[in-house]
Amino acid sequence: MQMWMIAMLAFSVILIVRDMAKLIFTDRKKGKPIYDAYPQKEKMERYARSFQRLAHTFYDMPNYQEQLTQTEVWDIFAQVKKNVCRECPQKEKCWSEKENQTNQRVFELLQIIEEGDPDRFLRAQGDWVGECVQAAHFTETLQRIFFETREELLYRNRLIENRLAVAEQLNEVARLIQKLSADVSDISTVPTLMEEKIRRHFQKQHIIVKQVWMLSKPDEKWRIFLTMRTRGGQCITMKEVARQLSQVCGCRMVPSRESRAILNSEMKTVLFTEDVNYKVLYGVARITREKETVSGDNYACACTDDQFIMCLSDGMGSGVEACKESETVVELLEQFVTSGFSRETAARMVNSALVLQRKNGMFSSVDVCSLDLYTGICEFLKAGAATTFIRRSNWVETITSTSMAAGLVQQLDFEKTSKKLYDGDYLIMVTDGVLDALPDKQEEETMKEIILQAQEEMPRELGRYILEKVLSYSNYKAYDDMTVLVAGMWKK
C-alpha cells in the first residue's frame, strides 16, 4: 500500500510540473498576466478535486471498530457449540432448556477472558466444572476462539488505519496542488515601464534581461523573477545582481536561498525577494541518558527566504530505536516545511507516515516553531511536546501542550499558538527529560527562574547554562535524554 501511495504522489508531481512548465514558459505578450492562462490552472484544480474524491472514497469505507460486534460474539458461541458441545449428552439441556442461563454464563466468561486476569480465569474455570461436563475443554476452546477473533479485529483495524493514512496523504496532495494553482495565478509580468527600467539599468552592468515576472502576495513584499545572463562571458555574483535590483526597486533585495551564487553567460531564471527584517542565531545543548550512547532526541533548524524553522522531536524511550523514530519525524518535518508545505500539512503527513509504519507502539513528540522573519510572528505547533519558553527582558512566557504524540492515532490533534516576538527575544525548546529532572509540580516555574537568572546572550551558551542548571537538580545524572534548543532574534 505504501508503494502504491508513493507511486500516486510521484505521478501527481510529474503532472503538476508538466503543466506548470507549459504555463510559465509559454510565449506571452509583454504585460500579459500569467493567470490569464486559465485552462492550465483549471486543469490543476481538476487534479486536486480528483485526489479529494479519491480520498473521500477511503473515508466512506467501514470505520475503526473498538470491540467485537454482537454478531461476532454469537459467531464465537456457534463455533464453541460446534467444536465442543456437538457430541455432548447434555447439549439439549444447556442450549435448549437453560439457554438464557448458559448464554449469560458464557458472556460473563468472555468478559473475564477479555480482561486478561489469569487468576480470575482459573477461578471461572473452577466454577464452570459444576455447570459443564467438559468444563476444561469448553473454557480453553472459548478462550482460543475469542483470541483468534480479536486478532482478526486488530488486523482489520490496522488495515483501516493504513487506508485512512493513505486518504490523509491524498487530501494533503490535493491541498498542495490547490496552493500551487493559487501561486501560479499570482504570477504576472511587471508593468512595462518598470520592466524597461530594469532592462536599461542591468544593460549598463553588462547583464541581458530577457523576461521579468512579479509574484503578487497579500503581504505586498517584492518578489521578482529575472530571466537573464551576462554579456561577454563575464561572471557576476548574485549578491551584486541583487544590489543592482535594489537600486531600481528602492528597497533591499536578496537572491533566493536556492539560487546559484554566480551569474554567467548561461540564461537563468532567479527569484529575488525583499530582504527580511530579522536575523536569527541558534544553539543547542544536549546530553544522553545515563548508560546510553545514542540520544532519542533529534532536532533540526532551517531557514527559508522568509522563515526560520525549528523542529524538535523526542522518541519513545531512549537509545538507537528512539533515535530512529525521532530522526524520521525531524527529517520529514524539515523537508516538508522547507518545501513550502504548511506546518499543519507537514504534521499530518508525518503522522500518517508514522501510522503506516507503526510497530510496537512507535510514537514521537512533534514540536515546531516557525518564525516569520518579516513580521516577527512565531507560530507554534505541538503534539505530545514539552513546554516551550519565550524570554523577553525580565519575564518568561510558556507555550504548553496536552495533545498526543505523533504516530499514536490517525487523526492527529495538534495544538497551534501564535506569538509576536521582538528584537532581543529568545525561544527555548526542551524535551521531556529536561523538565522531568526539575522538582515535581514545579517544573515550569523552576525553569522560568533558571532562564531569568542566565546572563549569557549567545544562544549556544544560554542552552549550556540551562542544561547545567537542570542537571544540578538531579545530582548531575541524566535519567532521560535531555535537549535544550535556543534561538535568539535580533532586528537587522
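Welcome to this predicted model. A search of the whole structure finds 12 salt bridges, and a few of them make a good starting point.

| Salt bridge | N to O distance |
|---|---|
| Glu266 and Arg260 | 3.8 Å |
| Lys448 and Glu445 | 3.8 Å |
| Glu461 and Arg464 | 3.5 Å |

Let us begin with Glu266 and Arg260. Glu266 has a relative accessibility of 39%, so this residue counts as partly exposed. Its partner Arg260, at 46%, is partly exposed as well.

The next pair sits in a helix. Lys448 and Glu445 belong to helix α13 (residues 443-453), and because they are 3 residues apart there, about one helical turn separates them. Glu445 has a relative accessible area of 47%, which makes it partly exposed.

Helix α14 (residues 459-472) holds Glu461 and Arg464, 3 residues apart, or about one turn of the helix. Glu461 is partly exposed at 36% relative accessibility, and Arg464 is partly exposed with a relative accessible area of 45%. Elsewhere, Arg252, Asp275 and Lys492 are joined into one network by salt bridges that share partners.

Now for a visit to a loop. Asp305 lies between β9 (297-303) and β10 (307-314), and with 24% relative accessibility it counts as partly exposed. Leaving aside residues up to four places away in sequence, Asp305 touches Ser256, Arg257, Leu271, Thr273 and Val276. Which atoms does its side chain reach? The side chain of Asp305 makes a polar contact of 3.0 Å with the side chain of Ser256, and it also reaches the backbone nitrogen of Arg257 at 2.9 Å. Val254 is 51 residues from Asp305 along the chain, yet their C-alpha atoms are separated by 8.9 Å.

Definitions and conventions: Residues numbered from 1 in each chain as written. Predicted model: local features only at pLDDT ≥ 70, side-chain atom pairs only at ≥ 80, totals over all residues. Heavy atoms only, no water. Helix = DSSP H or I, 4+ residues; strand = E, 2+ residues; numbered from the N terminus. Buried < 20%, exposed > 50% of the residue type's maximum accessible area, 1.4 Å probe, protein only. Contact = heavy atoms within 4.5 Å. Polar contact = N/O pair within 3.5 Å; in protein donor to acceptor, adjacent residues only side chain to side chain. Salt bridge = Lys/Arg side-chain N within 4 Å of Asp/Glu carboxyl O.
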